[in-house]
Amino acid sequence: MDRILNILIVDDESSQRTGLAGMVKAWGMNAETASDGSDALEKLEKFQADVIVTDLNMPHMDGYGLLKALREQGDMPPTIVLTGYGNVETALRTVHEMGAYWFIEKPIQPSMLQALLRRAAAHSGLRNEKKVLERQLQYKGSLGEMVGNSPRMQEIFSLLQQAGPSKACVLISGESGTGKELVARTLHVLSPRRQGPFVAINCAALPETLIESELFGHEKGSFTGASERRAGCFEVAQHGTILLDEIGEMPMLTQAKLLRILEDSKVRRLGGKTEFEVDVRVVAATNKVPDDAVKGGFLREDLFYRLNVFHIHLPPLRERKDDILEIAEALIVDLNRKHDTRVSDLVPEVLEAFQRHNWPGNIRELRNVLERAVIITGEGSIPLKNLPVTFQPQNAAVAAPAMPDAPPSAGDDSLHVPIGTTVEQAEKGLILRTLEFTKNNKTRAAEILGISLKTLHNKLKEYGRDTP
Ligand SMILES: Nc1ncnc2c1ncn2[C@@H]1O[C@H](COP(=O)(O)OP(=O)(O)OP(=O)(O)O)[C@@H](O)[C@H]1O
Ligand SMILES: [Mg+2]
């Protein structure tokens, strides 16, 4: 448990080897080196690698040979392949055919390698996930799939570590897209139940009439349409974890039944005569402020106290902008794997635009923006132009058209003209926006616009807006 991540670096060039090892050590990980595939296999007898980073072309046993041998041994740590520029086809083959985790092109970009190592370690899930997670925490910045270096995320990581191993209920709150489901999954993985099922049920997505049958199951004939006996989520999640998503949307009566189950761990199917014991850890999530949900009558107060043994609140992304770069890097690694692309990073202007943005959709929005950008970019750094129009600086440039007589900005004197707008549309937008600004004072609007009052009237007639 005191160990930190072990990285084995395999390269026949000694300067490359030691350079990489130094870098990895600077990130707080252990590094061991080997000069070719057979040397690596030998080292692995004593060195328990969490991730292997290997060159492809080496004398004696090359990278392919190493991958093949590891696969035959059946216990292959996630392996990152180093490839020379332009050898992407080959590199992709090692991923698709030989089971490599992913590849990275030389010259190696440190931030990319760091993000890859972290993701690879998180993905080594089946190999002793909990140990890996604990080790990850020692160099901070990530917990499983969750990334974030901001003090608030660090607090959340330590809460997760305290709450994870127990069977205690956890109430997770946060705006949409802040990572509530990811937190629930991480709790599951950190618990002794991680081999058991993780079942998520969205209370908002189910009609009231079905929610109880979904949760508790039903016997044949217990209601019209119940033609078969069916197990509920609590049964399906036996020895695992259940996430009750949007708990504030659960009907009050169902909340009362849920409370009873939490008290005595017994479930009765709808129409069933007997109760049976369930061993399920319950985690609930809500995008409301829990206190407000109680006050507003959406969440029973007694249930709230029962669920709120641990409370994890996820701050919106706009309140932890320090995390954007790290999360973006981690998302790029995942998206590269998903789309077979090889995007390396973001140009600084993209990061600046990200820092300025308010992120109403939080991390899900960031992921969507990046997914589009990764697909369009394909390889190399994501340029600003591959972001959606709202991130483009042109918006800001056109945003404040020259209005010499306008009072100093009160925040409502701007106009967004995205690329793709015709001159005619832009003119119309500007005229109508200026009228709004002058509270429909046409004389003043014409002055600001630098046109005659008559021209303004003519334009408004064209738009069908010329009200006397
Ligand atoms: N800290 C994080 N690091 C990396 N990825 C994250 C992090 N938090 C969230 N994500 C990713 O962001 C996306 C949205 O997360 P998730 O579905 O958990 O949000 P949510 O709060 O449940 O949203 P909703 O309220 O809309 O259901 C997912 O793809 C998730 O993997
Ligand atoms: Mg969710």
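Two strands count as paired here if DSSP finds at least two bridges between them. I start my notes with that, and with a reminder to myself that this is a predicted model.

**Entry 1: the whole chain**

I looked up the overall make-up before anything else. The protein chain has 20 helices and 18 strands. It holds 468 residues, and 38% of them are buried. I also checked how far apart in sequence the contacting residues are. Among contacts with a separation of 6 or more, 68% are between residues 24 or more positions apart.

**Entry 2: the sheet with strand 1**

Which strands make up this open sheet, and in what order? I found five, ordered 2-1-3-4-5, with parallel pairing. At the edges I have strand 2 and strand 5 (102–105). Each of these has a single partner strand, so one side of each has no neighbour in the sheet. From one strand to the next, the twist averages 20°.

Helix 2 (residues 37–46) packs on this sheet, where it touches strand 1, strand 2 and strand 3. I noted its direction too: about 160° with that of strand 1.

**Entry 3: strand 1 and its partners**

I then went through strand 1 pair by pair. Strand 1 (residues 6–10) and strand 2 (residues 30–34) run parallel and are joined by five bridges. Between these two strands the chain passes through helix 1 (residues 14–26), and the β-α-β crossover that results is right-handed. Ile-7 sits opposite Ala-31 of strand 2, and Val-10 has Ala-34 as its bridge partner in that strand.

Strand 3 (residues 51–55) is also parallel to strand 1, with four bridges between them. Here the bridge partner of Val-10 is Thr-54. I wrote both down for Val-10: Ala-34 in strand 2 and Thr-54 in strand 3.

Why is strand 1 described as largely enclosed by the rest of the structure? Four of its five residues are buried, so that description follows.

Moving across the sheet, I counted four bridges between strand 3 and strand 4 (residues 79–83), which run parallel. Asp-55 is paired by a bridge with Leu-82 of strand 4.

**Entry 4: Asp-12**

I wanted a closer look at Asp-12, which lies in the loop between strand 1 and helix 1. Is Asp-12 buried, exposed or partly exposed? A residue needs 20 or more other C-beta atoms within 10 Å to be buried, and 12 or fewer make it exposed. Asp-12 has 17 within 10 Å, so it is partly exposed.

What does Asp-12 touch, leaving out residues up to four places away in sequence? I listed Ser-35, Asp-36, Asp-55, Met-58 and Pro-59. Asp-55 was already in my notes as the bridge partner of Leu-82. I also looked up His-60: it is 48 residues from Asp-12 in sequence, and their C-alpha atoms are 10.0 Å apart.

**Entry 5: the sheet with strand 9**

Next I turned to another open sheet. Five strands form it in the order 9-12-15-8-16, with parallel pairing. Strand 9 (198–202) and strand 16 (310–314) are at the edges; each has a single partner strand, so one side of each lacks a neighbour in the sheet. Ignoring direction, neighbouring strands are turned by 20° against each other on average.

I followed the pairing of strand 9 with strand 12 (residues 241–245): the two run parallel and five bridges join them. Asn-202 stands opposite Asp-245 of strand 12.

**Entry 6: helix 16**

Helix 16 (residues 362–377) has 16 residues and reaches 22 Å from first C-alpha to last, close to the 22 Å expected at 1.5 Å a residue. Which of its residues are buried? My list reads Asn-362, Ile-363, Leu-366, Val-369, Leu-370, Ala-373, Val-374 and Thr-377. They cover an arc of only 135° around the axis, so they lie on the same side of helix 16. Their cover includes helix 14 (324–339), strand 17 (342–346) and strand 18 (379–382). After helix 16 comes Gly-378, with a positive phi near 75°.

**Entry 7: helix 11**

Last, I checked helix 11 (residues 252–264). Its 13 residues should span 18 Å at 1.5 Å a residue, and the end C-alpha atoms are 19 Å apart, which agrees. Ser-265, just after helix 11, has a positive phi of about 55°.

Definitions and conventions: Residues numbered from 1 in each chain as written. Chains lettered and ligands numbered in written order. Predicted model: local features only at pLDDT ≥ 70, side-chain atom pairs only at ≥ 80, totals over all residues. Right-handed = clockwise from strand over helix to strand, strands pointing away. Axes fitted to C-alpha atoms, helices over the stretch in contact; angles between N-to-C directions. Expected span 1.5 Å × (residues − 1). Arc of directions from axis to C-beta. Contact = placed C-beta atoms within 7 Å.
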